[in-house]
Amino acid sequence: MSTKFLGQFTHHLIRYATWLPPLILFNTHVAQVTLINGPSMYPYLNPQYHESLRRDLCLVFKLYAQWNLKRGMLVTFRNPNDPEKITVKRIIGLEGDVIHARPPYPHEYVHVPEGHIWVEGDGEKSKDSNYYGPISVRLITGRITHILSPLNRAGRVKWWEHPSHSARA
Amino acid sequence: MRLPSFLDRLLGHPFQTFIFAGKYLAFTHLFLEYGYSANPAEGPSMLPTFEVLGEYILISKRHALGRGVEVGDLVVYNIPTKKGNGIKRILGLPGDYVMLQSPETSNKAMIQVPQGHCWIVGDNLPASRDSRLFGPVPLALIKGKVIGRIKPFHFQWIENPLKKVEEAS
């Protein structure tokens, strides 16, 4: 009786475990649901970061994330200062743009080099390209396309309505 | 007429074969992405170490994101300025001081490798596009460490040529 139960149990365990590789593949290459930490995108994501522990739940779309980048998009990328961390920022400049940088950056104007982008957070408390300079497009892992929770702000991320979508030089 | 039993098993469920193939492909992909893979190596930038054509390399993806790499290791990295990837040798890790150009040039300036970055240079200095051209590379762009060389009918492990002082003496 008990050996039969154990046999069935392991059988089902292995059957479900075979679904793990497709699931991981889907999460790393197609789409993933993730929680946003911290205030760096303050008015847009996590607007209540100083009032509650609630964090925004977002859908990150990862298919062809490094293709067709536009100013204003919200992208997730591996932090250039810490490879294990994934960061969310808004694209301000694409390659070839001349960007007016803000104080932590040593120069006033930056020419974004080939294959790089300039990213900034919406909030004041943001360690962005003004801190570490333009980042390589190859670091990008995904785009934030939808906010899922809280429900009153749920919906598509309308990145094209952000003022930085129209060029800024 | 009844099918032979193995065909019956194979075709019994209309999607079973496809589902099984999909799971198997996903598992293989994960092994190649997070485990080990063998890729062709080409180009003149690593000449004394690797031939221009005709060699394969064994890559350990467990060193992806620069986990546990050391100065002197050969790494496969995503080129930060364009598509594609390359093999180079790590010359500096965060905090190390490296020369911006080759020793034989007149430019003797040095920089400190920033946090989360590394300095990679090809073994064939005149024919290599590396950190001397595009600056320090984020560790997050490192895909793996080269641990072996595969030639037709010949395999050879690759070890870090730099030895600790106690081991060398």
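User: How far apart are the end C-alpha atoms of residues 109-147 of chain B?
Analyst: Keep in mind that this is a predicted model. UniProt, in an unreviewed entry, puts its "domain: Peptidase S26" annotation on this stretch of chain B as well as on residues 34-100. Over residues 109-147 the chain is 10% helix and 41% strand, and the distance between the end C-alpha atoms is 32 Å.

User: And what is the strand share of residues 34-100 of chain B?
Analyst: This is another piece that carries the "domain: Peptidase S26" annotation in the unreviewed UniProt entry. Its end C-alpha atoms sit 33 Å apart. Helix makes up 1% of the span, and strand 42%.

User: Over in chain A, which residues does the "domain: Peptidase S26" annotation cover?
Analyst: The span in question is 8% helix and 33% strand, with 38 Å between its end C-alpha atoms. According to the unreviewed UniProt entry, the annotation covers residues 24-101 of chain A.

User: What separates the centres of domain 1 and domain 2 of chain B?
Analyst: The domain assignment cuts chain B into domain 1, residues 1-34, and domain 2, residues 37-161. Taking the centres over C-alpha atoms, the separation comes to 39 Å.

User: Which helix gives the most to the side of chain B that touches chain A?
Analyst: The contact draws 19 residues from chain B and 18 residues from chain A. On the chain B side, those residues split into 9 nonpolar, 8 polar and 2 charged. The top contributor there, with 6 residues, spans residues 16-34 of chain B: helix H2.

How values were computed:
Residues are numbered from 1 along each chain as its sequence is written. Chains are lettered from A and ligands numbered from 1 in the order in which they are written. This is a predicted model: local features need pLDDT of at least 70, side-chain atom pairs count only at pLDDT 80 or more; totals for chains, interfaces and linings use all residues. Two residues are in contact if their C-beta atoms, placed from the backbone, lie within 7 Å. Helices (H or I, at least four residues) and strands (E, at least two) are DSSP runs, numbered from the N terminus. Ala, Val, Leu, Ile, Met, Phe, Trp, Tyr, Cys and Pro count as nonpolar, Asp, Glu, Lys and Arg as charged, and the others, Gly among them, as polar. UniProt positions are given in the numbering used here, feature names are shortened, and annotations may be inferred rather than shown by experiment. Domain bounds come from an automatic or database domain assignment.
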